[in-house]
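Please look over the sequence and the structure shown below before reading on. The report that follows takes up a few backbone and strand features in turn.

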Amino acid sequence: MNKIIAFIFARGGSKGLPGKNILNFCGKPLIAWSIEHAKKCKRIDRIIVSTDCVKIAKIASKYGAEVPFIRPSELAQDNTPEWLAWQHTLTFVREKTNYYPKMMISMPTTSPLRSIDDINACIDLFETKNPDAVITVSESRRSPYFNMVCQDVIGRSVLACPLNKKIYNRQDSPKTYDMTTVAYVLNPKFVIKKKSLFEGIVYQVNIPYERSLDIDNQADFDFAELLMKQRQQGSFK
């Protein structure tokens, strides 16, 4: 009943970078990095991969994850909210074990630069604050109050979030953060009952930029490989 389960959600389809989840990233399939991160975290009791792709399932099993089902195709479309895949997998666990885990940790394949310390920090905060969810963030490099714009109805560029006072440099604007895909730690009952993350009480763990890169396209992939090689050479942790 007190188990902590890591879930890795990996669709077969990816428009931004075809076959992304099983591309060779620094010597092993991209998904293998998330599986190995979960295996190295001693507090995680099980690792379950949810995928619609048999090839991904075989690779995930090879690297030590459980793949107890193939995800229904309707839960693996480009426009399918991942929240529904979360609910589907938790329901499967509940039906097989008769309980929800103490917490679920979603560890996307797209953050191979995360550290085990990042995962533990998320678990620590969840246990300390007892929120509905803990997310990971990095400090925004641009601010919607200073140098992020949108277009008005006649096509003019305007500040995305204008303030009542003038802001002359980014440091004077309210601090904002980019959500990352390093990890999400969640109360399973919250996920089952609600439909989106910010319907609940959410806390955040700040992650350094060099560990927070989210791979979405080829440029991201190439840059992440460069950073990983620098880490392996001892340039940073």
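## A loop residue after a helix

Asn 130 is found in the loop that runs between α4 (116-129) and β6 (133-139), in what is a predicted model. The phi of Asn 130 is near 55 degrees, which is a positive value in a residue other than glycine. Most residues other than glycine have a negative phi. With a relative accessible area of 60%, Asn 130 is exposed, because the cut-off for that word is over 50%.

## A loop residue between two strands

Cys 26 also has a positive phi, near 50 degrees, and is likewise a residue other than glycine. The loop that holds Cys 26 lies between β2 (24-25) and β3 (28-29). Here the relative accessible area is 19%, and Cys 26 therefore counts as buried, a word used for values under 20%.

## Strand β5 and its partners

Strand β5 covers residues 103-106, and its side chains are divided between two directions: Met 103 and Ile 105 point one way, whereas Met 104 and Ser 106 point the other way, and all of them are buried.

Strand β5 pairs with strand β1 (residues 4-9) in the parallel sense, over four bridges, and within this pairing Ser 106 of β5 is the bridge partner of Phe 7. Strand β5 also pairs with strand β10 (residues 184-186), here in the antiparallel sense and over three bridges, with Ile 105 standing opposite Val 185 in β10.

Terms used
Residues are numbered from 1 along each chain as its sequence is written. This is a predicted model: local features need pLDDT of at least 70, side-chain atom pairs count only at pLDDT 80 or more; totals for chains, interfaces and linings use all residues. Side-chain values use heavy atoms; hydrogens and water are left out. Buried means under 20% relative accessible area, exposed over 50%, partly exposed in between (1.4 Å probe, protein chains only). Two strands pair if DSSP finds at least two bridges between them.
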